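Biologist: Could you take me through this structure? I have not seen it before, and I would like to begin with the overall picture.

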Amino acid sequence: MSSVEQPAATNKTNTEDDGMSWWYRWICKIAGVVGGISCAVAGVWNCVTVNPLNIAAGVWMILNACVLFLCEVPFCCQFVEFANAVAARADKLKPWQKAFFYCGMALFPIFLSFSITTLFGNAIAFATGVLYGLASLGKKGDAVSYARLQHQKPGDEEKLTGTTDGEAQ
C-alpha cells in the first residue's frame, strides 16, 4: 500500500468504527462551530459585570469556545502550533467520550452562574454533545430484523431465558 492510499484507508476504517455517516459528522462539526461561537459571544457578554462568579463562568465559556474550535475545526487555529495534534487526538475519541466531554464542559458554567446568558450560550455546545451521544448509540436496526422480532412467539422468549410462567429465579 502506498503512502497516498494509507491515510484514505485509515480514515475509512475510522469512519466505519464509530458508525457515523459523513453527513452526520458534518452536522456535529457545524454544531460544534456554532456552539463555539455562541459560547464565545455569551462568555464575553457574561464577563461584563462585577460579580466574580459571572466573570468566572464567562472565562470558562470562552475557554469552551477555544476547545470546541480546536477539536472540531483546527484550520481556524492554524497559527496555534499544537492545534493539529489536539484535533488528531480528538478525532480518535469515540463519540460517547466526546459527548461526555462536551456536555460536561457546557454544564460547568451553568453551575457556576445560573443565568439566561449562560443557559443560551452553552445550549448549542451542549447540543453538540447530545449529537455525539446519539451517534454513540449506533444506527437503528433494519426493518426486516425488527419484523422478525415482532412475529416471534412468546414461548420463544421463554426458551431463550430458560424460564416458564411457574418458575421464578
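Modeller: One definition comes first: two residues are in contact when heavy atoms lie within 4.5 Å. Among contacts in the chain between residues at least 6 apart in sequence, 64% link residues at least 24 apart. Please also keep in mind that this is a predicted model.

Biologist: How many helices and strands does the chain have?

Modeller: There are eight helices and zero strands. Following the sequence, the pattern reads α-α-α-α-α-α-α-α.

Biologist: And what share of the chain is buried?

Modeller: Of the 169 residues in the chain, 29% are buried.

Biologist: Which residues does the "transmembrane region" annotation cover?

Modeller: According to the unreviewed UniProt entry, that annotation covers residues 26-45, 57-87 and 99-132. In the model, residues 26-45 are 100% helix and 0% strand, and the C-alpha atoms at the ends of this span are 28 Å apart. Residues 57-87 are 68% helix and 0% strand, with 25 Å between the end C-alpha atoms.

Biologist: Let us turn to packing. At what angle do helix 2 and helix 3 cross?

Modeller: Helix 2 (residues 22-47) and helix 3 (residues 52-72) cross at roughly 155°, and their axes come within 7 Å. Helix 2 is therefore roughly antiparallel to helix 3, since an angle over 145 degrees counts as roughly antiparallel. The crossing of these two helices is left-handed.

Biologist: What classes of residue make up that contact?

Modeller: The contact of helix 2 with helix 3 has 17 nonpolar, eight polar and two charged residues.

Biologist: What about helix 3 and helix 6: at what angle do they pack?

Modeller: Their angle is about 30°, and the axes are 11 Å apart. That makes helix 3 roughly parallel to helix 6, because angles under 35 degrees count as roughly parallel. Helix 3 passes helix 6 in a left-handed crossing.

Biologist: Which residues meet there?

Modeller: From helix 3 there are A57, M61, N64, L68 and E72, and from helix 6 there are T117, T118, G121, N122, A125 and Y132. By class, the residues of the contact of helix 3 with helix 6 are five nonpolar, five polar and one charged.

Biologist: You mentioned N122. Is N122 buried or exposed?

Modeller: N122 is placed in helix 6 (residues 116-137). N122 counts as buried because its relative accessibility is 1%, and buried means under 20%.

Biologist: What does N122 touch?

Modeller: Setting aside neighbours within four places in sequence, N122 is in contact with C39, M61, N64, A106, P109 and I110. Two of these names, M61 and N64, appeared above on the helix 3 side of the contact with helix 6.

Biologist: And M105, where does that residue lie?

Modeller: M105 lies in helix 5 (residues 95-112). With a relative accessibility of 9%, M105 also counts as buried. Not counting residues up to four places away in sequence, M105 touches W60, N64, V67 and L68. The C-alpha atoms of M105 and F126 are 8.1 Å apart, although 21 residues separate the pair in sequence.

Biologist: N64 has come up again, I notice. Where is I55 found?

Modeller: I55 is found in helix 3. I55 is partly exposed, with a relative accessible area of 31%; this value falls between the 20% limit for buried and the 50% limit for exposed. Leaving out neighbours within four places in sequence, the contacts of I55 are N46, C47 and T49. From the C-alpha atom of I55 to that of G43 is 8.3 Å, and the two are 12 residues apart along the chain.

Biologist: One last residue: is A85 buried or exposed?

Modeller: A85 is exposed, with a relative accessible area of 54%. A85 is found in helix 4 (residues 83-92). The C-alpha atoms of A85 and P74 are separated by 9.2 Å, with the two residues 11 apart along the chain.

Definitions and conventions: Residues numbered from 1 in each chain as written. Predicted model: local features only at pLDDT ≥ 70, side-chain atom pairs only at ≥ 80, totals over all residues. Heavy atoms only, no water. Axes fitted to C-alpha atoms, helices over the stretch in contact; angles between N-to-C directions. Helix = DSSP H or I, 4+ residues; strand = E, 2+ residues; numbered from the N terminus. Parallel < 35°, antiparallel > 145°, perpendicular 65-115°, else oblique. Left-handed = near helix turned anticlockwise from the far one by under 90°. Nonpolar A, V, L, I, M, F, W, Y, C, P; charged D, E, K, R; others polar. UniProt positions renumbered as here; feature names shortened; annotations may be inferred. Buried < 20%, exposed > 50% of the residue type's maximum accessible area, 1.4 Å probe, protein only.
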